[in-house]
Each structure stands twice: as C-alpha cells, then as structure tokens.
Amino acid sequence: MTQALARFRPARGAVSIDGEEDGPRPLSRREKAAIIVRLLLAEGAPLPLTSLPEDMQEGLAEQMARMRTVDRSTMTAVIEEFVEELESVGLSFPGGLDGALAVMDGHISPSAATRLRRQAGVKGDPWDRIVTLPAEKLLTVVEEESVEVAAVMLSKLPVPKAAEVLGKLPGEKARRVAYAVSMTGSVEPETVRRIGLSLLGQLEAEPPRAFTATPVERVGAILNVSAAVTRDEVLKGLDEADAAFAEQVRKAIFTFEHVPRRVPGRDVPKVTRVVEQARLVALIAAASSRPELTVGVEFLLSNMSQRLAQSLREDAAARGRVKDKEAEDAMNAVVAGIRQLEAAGELVLVVEEEEGG
C-alpha cells in the first residue's frame, strides 16, 4: 500500500481542492497521497507509513498541514487512480538490503548475510537477532570473550536465556561475569550496539561443523557403552593428557551405576518397555555374582510393577551365571534405552550437584 502511495502518476486533467483561489489545477503526487492517507486514517485502517523514507513521511505530514477540504469528485478520481495502482502491482519487494535479508533469512548462508551487512552497513539493532539464537550457540562466544563483553550480552538477553547461559559457564567465570553485570550501568548505547555487531559477526560467521555434538559429548557417548575396564583405562589416559577435558568427559558419562541417582523412579516403567526383557533378565541374574550391580538392579525392580519384577526375578533365578560380556551388554542396553527416552523428551535425567557447588 505504501509503495502505491509513492508511485502516484502525475495528475491527468484538472482536479481541484476546495478553497483554491486560482481555480482548478492538477494535483501533485504528494497531494494525492495526502488525500488517500487522510481517508484511510479516517476509516481507522492500519497504515505502515514508517516503511516510507523519512523525508517522504515528513513531506506527507507537511502537505496534510497545508490542505483544507477536497470536493467529492476530486476524492473519487484520486481513489480510482490509487486502486488502479494497487491492482497493477504483481509482486512487491522489501525496500533495501535489510528487508531483503529478513525475507531470505534461513535461505542463504549466515556467512553470506554477514558479508552483505558489513559491505552495505545495514542499520538496525543487532541484538534483535542475537536474542533469538539458542543458548548453546551463545555460550561458545561467551566462553571466549572477556567478562565485560559477556556481561553486556547477559544484560541484553531475556532473563530465562541469560540464566541458562550463565548456568552453563564454569563456576569461576560465571561468578566473574555475574559481578561484571553490576558494572554495566554506565555503558553507552552506541557501545552496546557495537558490541552487538561484533558478536553477531562472530556468531553468523561461524564455519560449518562436521559434527553437531561437542568432543566431550562424543567421547562421553562412546564411553557410555564401552566395557568398564576400557572406560577406566581411557579416563586414566585422558587424566594424564588433559585433566580438564577428562573431568568434562566424566560429567558427560552416564553409565548403569548412575541410574539410581539420575533416573526418576516414576520413569522406570518406560525404561522396561524399551529394553528387551531378555536383557533385563540377564542383568538381574548377573547381580547375584556382581555386587556392584545390586543397587541399580534393586532400583529398577522396586520401581516397576511388582508382577513384572517377580517374573523377572524368577527368570533370572532359572538363568544361572551370566558371562561378563553379556552383563556389560545388558547394562549398555538399559543405558541406551534411557538415552533413547531422553532424546525423545519422555524422560529427564536428574542433574547431580557438583561437590562444593
């Protein structure tokens, strides 16, 4: 609609505005636009005039201030021309590169969009884009930036997302960033905008990754289903090579021994539905000769239906001794079932509190 206002043709024939001393004269584009705007506003129609260039908005307001009354025939002629303009439009495009990038968001690569913004100097608030990004993506930048920049970012984020990002930071940096937030009161708006532009450039210029999961998550997932002896040896080696990485991997690992502490008891029936009954029988049977399995097995049995628990106990008693490899496979099957439920959103693992935290 605003584009049609801007495209009015020069007046055809002489139309008049009541009160003109010099008689009828052709109307200018601006006068026609003022008539249409006045009519639409009088009807209460939504009119996005802010999409027009500011000089055109100012000129339109000045023109309306100079006009008084318009006769009905003139108004009808202007309306007919305006409708003709609207009907002749087959397709409209957003004005400027900023509008084009908004339309194409998600259809061109972030790096291409960033280059275009830098080249054209697109104006706008970069934080409008930053606040929509997931916390995991924001965390990668916060971890690398100074505490002052991180504090500005947290201050601009919605409170729930800021809390999520802060909660994922290491304890010491989280405390420093939280304190730095208290020092942001005197930061100037232009400084905040420049920080936003810099951060947005980093976030959108991030190169594509071959793996969606982090190295910690990938190593943890592998060790989850590895034999206990292999897991212990790998963690020992990681401790010697990179103790910090080894500690992160330990936190990412979820094995059968974690089941009683991290799986809500009410969700055990879901686990028994996705794990083969033969695996559960083997696991229960193995617990008779492997005391370290007792706590986990009893946790499962006490939180499932007693009828199923009794049936599994009887089958396990008839099963006899279970080889270590089969016991490991049974534990991994339970862990895999729990992870499957977690990925599907049907189960939420309990987060263990860190010691001293």
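**How helices 18 to 21 pack**

Biologist: Which residues in helix 19 do L283, I284 and A287 in helix 18 meet?

Modeller: This is a predicted model, where local features need pLDDT of at least 70, side-chain atom pairs count only at pLDDT 80 or more, and totals for chains, interfaces and linings use all residues. Residues are numbered from 1 along each chain as its sequence is written, and side-chain values use heavy atoms, leaving out hydrogens and water. In contact terms (heavy atoms within 4.5 Å), L283, I284 and A287 in helix 18 meet T294, V297, L300 and L301.

Biologist: How many charged residues does that contact of helix 18 with helix 19 have?

Modeller: Sort them by class: Ala, Val, Leu, Ile, Met, Phe, Trp, Tyr, Cys and Pro are nonpolar, Asp, Glu, Lys and Arg charged, the others, Gly among them, polar. The contact of helix 18 with helix 19 then has 6 nonpolar residues and 1 polar one, while the number of charged residues is none.

Biologist: At what angle do helix 18 and helix 19 pack?

Modeller: Helix 18 covers residues 277-287 and helix 19 residues 294-303 (helices are DSSP runs of H or I, at least four residues, numbered from the N terminus). Their axes (lines fitted to C-alpha atoms over the stretch in contact, with angles from 0 to 180 degrees between N-to-C directions) are 9 Å apart, and the angle is about 135°.

Biologist: Which helix has axes that come within 7 Å of helix 19, and what does helix 19 bring to the contact?

Modeller: The partner is helix 20 (residues 306-319), and the two cross at roughly 135°. Helix 20 offers Q306, A309 and R313, and helix 19 brings E298, L301 and S302.

Biologist: How do the residues of that contact of helix 19 with helix 20 divide by class?

Modeller: Here the charged class is represented. The residues of the contact of helix 19 with helix 20 divide into 2 nonpolar, 2 polar and 2 charged.

Biologist: What is the crossing angle of helix 18 and helix 21, and why are they oblique?

Modeller: The axes of helix 18 and helix 21 (residues 324-343) come within 8 Å. Angles under 35 degrees are roughly parallel, over 145 roughly antiparallel, 65 to 115 roughly perpendicular and the rest oblique. The pair is therefore oblique, crossing at roughly 125°.

Biologist: Which residues of helix 21 make the contact with helix 18?

Modeller: Helix 18 puts in R279, L280, A282, L283 and A286. By class, the contact has 9 nonpolar, no polar and 3 charged residues. The helix 21 side is E326, A327, D329, A330, M331, A333 and V334.
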